[in-house]
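Please look through the structure below with some patience, moving from one residue to the next. The report that follows takes up a few places in turn, and each can be found in the model as you read.

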Amino acid sequence: MAPPPTAETAVREEKTAPRTWAVRLVTVGIVLAALNLRPAITSLGALLEEVRDGLGMSGGVAGLLTSVPPLCFAIFGVMAPRLAKRFGASAVVCAGMAAITAGLIIRPYTGNTVGFLVASALALMGIAVSNVLMPVIVKRWFPDRVGSMTGVYSMALAAGTSLAAAATVPMTDALGGNWQTGLAVWAALGAAAVLPWIPLVREKGPAPAAPVTRSATADADGDGLRITRSRTAWALAVFFGLQATAAYITMGWMAQIFRDSGVSASTAGLLLAVTMVMGVPLGFVIPRVAARLPSQGPMVIALGVCGLAGYAGLYLAPASGAWAWAILLGISNCAFPLALTMVGMRARTGAGVVKLSAFAQSTGYLISIPGPLLVGVLYEATDGWGVPIALMATLMVPQIVIGVLAGRNRTVEDEAAAVREGAPAS
């Protein structure tokens, strides 16, 4: 029979148990933060032609503009763990939402390409640190509901993405047809996301449970973990990079592909929204299913096949089958919530999740930088979309292969410890 709780035990439990109001506020904060992690990108994709004309951009410069998001995510994402350790994850996310708001207000009115890029980078910096810290916050506040809370987060992220894609053009028209106003209005959503995080700035979240046993090496609980020793960490980083490449090419260029095939601007925006909105139901379902599977390889393959089919249709009949291709590519883009779920599953400890999330996302976004830029250059060089679409389809093949490797049932702590001790990290 278990001994009765002592006063010391009760105090410790009170300190480690999250307060109900804080848990509810974190849930609201996660949803609002996720809603803000893509409108800065998809709203620009919907109005890219107007922005290019207004700022006098060439196709190459526009391609550079679509490469700025992964570049910022790679640069600023790696800073997130250090900032979170010093100030707390909630405080960093709060600052991130404020940076998104400021960047979205400033960038449409800078009047030149350089200013537009700098203000975009400010917003993307906020997105970058929040991207990295969302899995960390989920793991810390909801350790027994990683799959379901990742699903909520992914669903909200997809909803914000699709909302910006669908509503930007009609909202711009309703506000007088000025593209600056159409982009700046999304700052209001960012401002709303700041509010729930303000009371949480000093909340560190529930303390992690004390381990029953401790390995002789620090790798056992994540302290001193050298993430680069793990093959799974590298596979997950490459998989994250390839899916991000596909996602940012889609967000930056798909509306333009449809417009160049004869589809109207508003319909092209709706098609992009359809692609993004597929992540709403699937972003909730996929993490829950993935969390119950020992290996996520079959899910990686299924999503990849949808992507290949979507690119084939986009190449052969972009306008006549537009809605079907939008749906297929939307399903394929759900590799993102799958990758986030694998981040939470491939590490056993909170410290491991922090390091794996930062490594996989920063390295992955670094890998994804050339993709959108190369698409813009190829489009301008060939005066058509055939070669860029062929490139997109080709990249889907290694994404499938690497994703299967990343989805194997193992943890980065065990692999890093095995390498350190001289055993094969199989």
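Phe240 has a relative accessible area of 0% and is therefore buried, since buried means under 20%; the model in which this value was computed is a predicted one. Phe336, with a relative accessible area of 10%, is buried as well. The rings of Phe240 and Phe336 form an edge-to-face aromatic pair, with 5.9 Å from centre to centre and 65° between the planes. Because Phe240 belongs to helix α12 (residues 231-260) and Phe336 to helix α17 (residues 335-345), this pair ties together parts of the chain that lie 96 residues apart in sequence. The two rings also belong to a cluster, in which ring pairs link Phe240, Tyr248, Phe336 and Tyr365. Phe336 has a further partner in Arg38, which lies over the face of the Phe336 ring at 5.2 Å from the ring centre.

From rings we can turn to charges. Side chains of opposite charge can pair when their charged atoms come close. How many salt bridges does a search of the whole structure find? The search finds 2 salt bridges, and they are set out here with the distance between the closest N and O atoms.

| Acidic residue | Basic residue | Closest N and O atoms |
|---|---|---|
| Glu50 | Arg259 | 3.4 Å |
| Asp414 | Arg348 | 3.3 Å |

In the salt bridge between Glu50 and Arg259, distant parts of the chain are linked, for Glu50 is in helix α4 (residues 48-55) and Arg259 in helix α12, 209 residues apart. Glu50 is partly exposed at 28% relative accessibility, whereas Arg259, at 17%, counts as buried. In the salt bridge between Asp414 and Arg348, Asp414 lies in helix α21 (residues 412-420) and Arg348 in the loop between α17 and α18 (350-368), so this pair ties together parts that are 66 residues apart in sequence. Asp414 is partly exposed, with a relative accessible area of 44%, and Arg348 is partly exposed too, at 42% relative accessibility.

A helix can also be examined by its length and by what covers it. Helix α2 (residues 20-35) has 16 residues, which at 1.5 Å a residue should span 22 Å, and its end C-alpha atoms are 23 Å apart, so the two values agree. An α-helix has 3.6 residues a turn, so residues three or four places apart point the same way. Among the buried residues of α2 are Ala22, Val26, Ile30 and Ala33. The buried residues of α2 are covered by elements that include α3 (39-46), α7 (89-106), α8 (113-141), α9 and α11 (187-194).

One of those covering elements, α9, is the helix that holds Thr172, and it runs through residues 146-174. Is Thr172 buried or exposed? At 3% relative accessibility, Thr172 counts as buried. Its side chain reaches the backbone oxygen of Thr168 at 2.6 Å. When neighbours within four places in sequence are left aside, Thr172 is in contact with Leu47, Gly177, Asn178, Trp179 and Gly182.

The last residue to look at is Asp383, which is found in the loop between α19 (370-382) and α20 (386-406). Although Asp383 is not a glycine, its phi is positive, at about 55°. Asp383 has a relative accessibility of 68% and so counts as exposed, whereas Thr172 is buried.

Technical notes. Residues numbered from 1 in each chain as written. Predicted model: local features only at pLDDT ≥ 70, side-chain atom pairs only at ≥ 80, totals over all residues. Heavy atoms only, no water. Helix = DSSP H or I, 4+ residues; strand = E, 2+ residues; numbered from the N terminus. Buried < 20%, exposed > 50% of the residue type's maximum accessible area, 1.4 Å probe, protein only. Polar contact = N/O pair within 3.5 Å; in protein donor to acceptor, adjacent residues only side chain to side chain. Contact = heavy atoms within 4.5 Å. Phe/Tyr/Trp six-rings, centres within 6.5 Å; stacked < 30°, edge-to-face > 60°. Lys NZ or Arg CZ within 6 Å of the ring centre and 35° of its normal. Salt bridge = Lys/Arg side-chain N within 4 Å of Asp/Glu carboxyl O. Expected span 1.5 Å × (residues − 1).
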